[in-house]
Amino acid sequence: MTKIQAHLFRQILQAVIIIVGGLVMMALLAQGLSRTDLILENRQSALTYFYIVMLGSPQVIALLTPLAIFVGTVWSLNRIHKDSEIVVAQAAGMTRWQVASPVLRLATLCLVLHLGVNLWGQPASQRAMREAVAVARADLAAALIRPGQFTTNGDRLTFYARDQVNGELRGVMISDMTDPDFPTDILARSAALVSVDGRPTLLLRDALSQQLDTNQQLSILEFDQYMFDLTDFMKEDSELILKASDKFLHELIFVDRKDYFQNKQAHDFLSEANARLTTPLLNIVMALLAIVAVLGGDFNRQGYGRRIGIASACATVVLVVQLALQSAAAEDPSMNVVQWVVPILLIVTLCWVYFGRGRHIGKRAPPTSGLLIPRHKATA
């Protein structure tokens, strides 16, 4: 790149980084608000909360990068063009391609990064996030130990502790409804969560067990210490189920037809696979839209608000259409072809508008009228 091309590249890169960073922070903040239940309901640490929120950043970055390319390019080119830097570059002999090449190089770089995130970054982070959320929600101790509150684990176990002091529970009550015909109620002065052979267990001290026997008579037993095994009360839905966004590309394409759930979602997987390969092309589309909006017409010191407004509306429509096509492809696999046709057709059309038809924009016909200059005959 020449010095002026490197200057244009740096200006646009700085704008894109700032815009991507701002949009990602806002998106992560919104996403983080939806994850506050991990702390409020499952009593997880703030470190676990921020870890899960940050794992969602690759998907957010991939979603916002094309939009950031458009906004950053429009803002930078508009400012540079109003300062007559583009005019000076064109006057120095730079062609339309040489002026636009820094933008297209940055868009191509973003395309490669976007594709890498879609193929490896997003599924890896989404899978790790879903595993972390599953572990947090399956933490039975965190779900049960809520001093001063009655908590349940399904319909089989009800737990209550009056207070918690230095990790020890005081005033514990347990209602075990594993066998509805013979429910068991346990009262204990104190309890502590321990692990016995890798199994979560409550060690109850000064415990009193009450149960109805087969004759419907109340049976009361007292214990100095009582081991209450919690293994059977682990959440039954703790098995990790991966969605389409959590799978790698080969897992989306090569579906196990013997698996009922995978076979049922085969169309969704194929739509997701095509979307991951086609959405990076939107970076080129957005860059070309910005180039046409700012550089596709005559120079105007007052700005290009009308053209930028039209281009912004077109960018919004393109993003919405691409999302709609992905959703439609999940129902009709033939729509996967359209996911490829739309961005490629837009790239070809915008290139023709700027590099082909755009050559004649701004050219004026030579004047046909004016002062007549008389011809003088040469005299001997």
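Colleague: How many disulfides does the structure hold?
Modeller: This is a predicted model, and the structure in it holds zero disulfides.

Colleague: And the cysteines, is Cys110 buried or exposed, for instance?
Modeller: Cys110 is buried, with a relative accessible area of 10%, while Cys351 counts as partly exposed at 27% relative accessibility.

Colleague: Switching to charges, how many salt bridges are there?
Modeller: The structure holds five salt bridges, and among them are those that link Glu168, Arg170 and Arg205 in a network.

Colleague: What are the distances around Glu168 in that network?
Modeller: The closest N and O atoms of Arg170 and Glu168 are 3.0 Å apart, and the side chains of Glu168 and Arg205 meet at 3.1 Å, N to O. Glu168 lies in strand E3 and Arg205 in strand E5, so this pair ties together parts that are 37 residues apart in sequence.

Colleague: Are those three buried or partly exposed?
Modeller: Glu168 is partly exposed at a relative accessible area of 22%, as are Arg170 at 30% and Arg205 at 23%.

Colleague: Okay, what about a salt bridge in helix H10, which residues form it?
Modeller: Glu272 pairs with Arg276, with the closest N and O atoms 3.0 Å apart, and both lie in helix H10, four residues apart, which is about one turn of the helix. Glu272 counts as buried at 13% relative accessibility, and Arg276 counts as buried at 2%.

Colleague: Which other residues of H10 are buried?
Modeller: The buried residues of H10 also include Ala266, Phe269 and Thr278.

Colleague: And how far apart are the end C-alpha atoms of H10?
Modeller: They are 19 Å apart, which agrees with the 18 Å that its 13 residues, 266–278, should span at 1.5 Å a residue.

Key. Residues are numbered from 1 along each chain as its sequence is written. This is a predicted model: local features need pLDDT of at least 70, side-chain atom pairs count only at pLDDT 80 or more; totals for chains, interfaces and linings use all residues. Side-chain values use heavy atoms; hydrogens and water are left out. A disulfide is a pair of cysteine sulfur atoms within 2.5 Å. Buried means under 20% relative accessible area, exposed over 50%, partly exposed in between (1.4 Å probe, protein chains only). Helices (H or I, at least four residues) and strands (E, at least two) are DSSP runs, numbered from the N terminus. The expected span of a helix is 1.5 Å times one less than its number of residues. A salt bridge is a side-chain nitrogen of Lys or Arg within 4 Å of a carboxyl oxygen of Asp or Glu.
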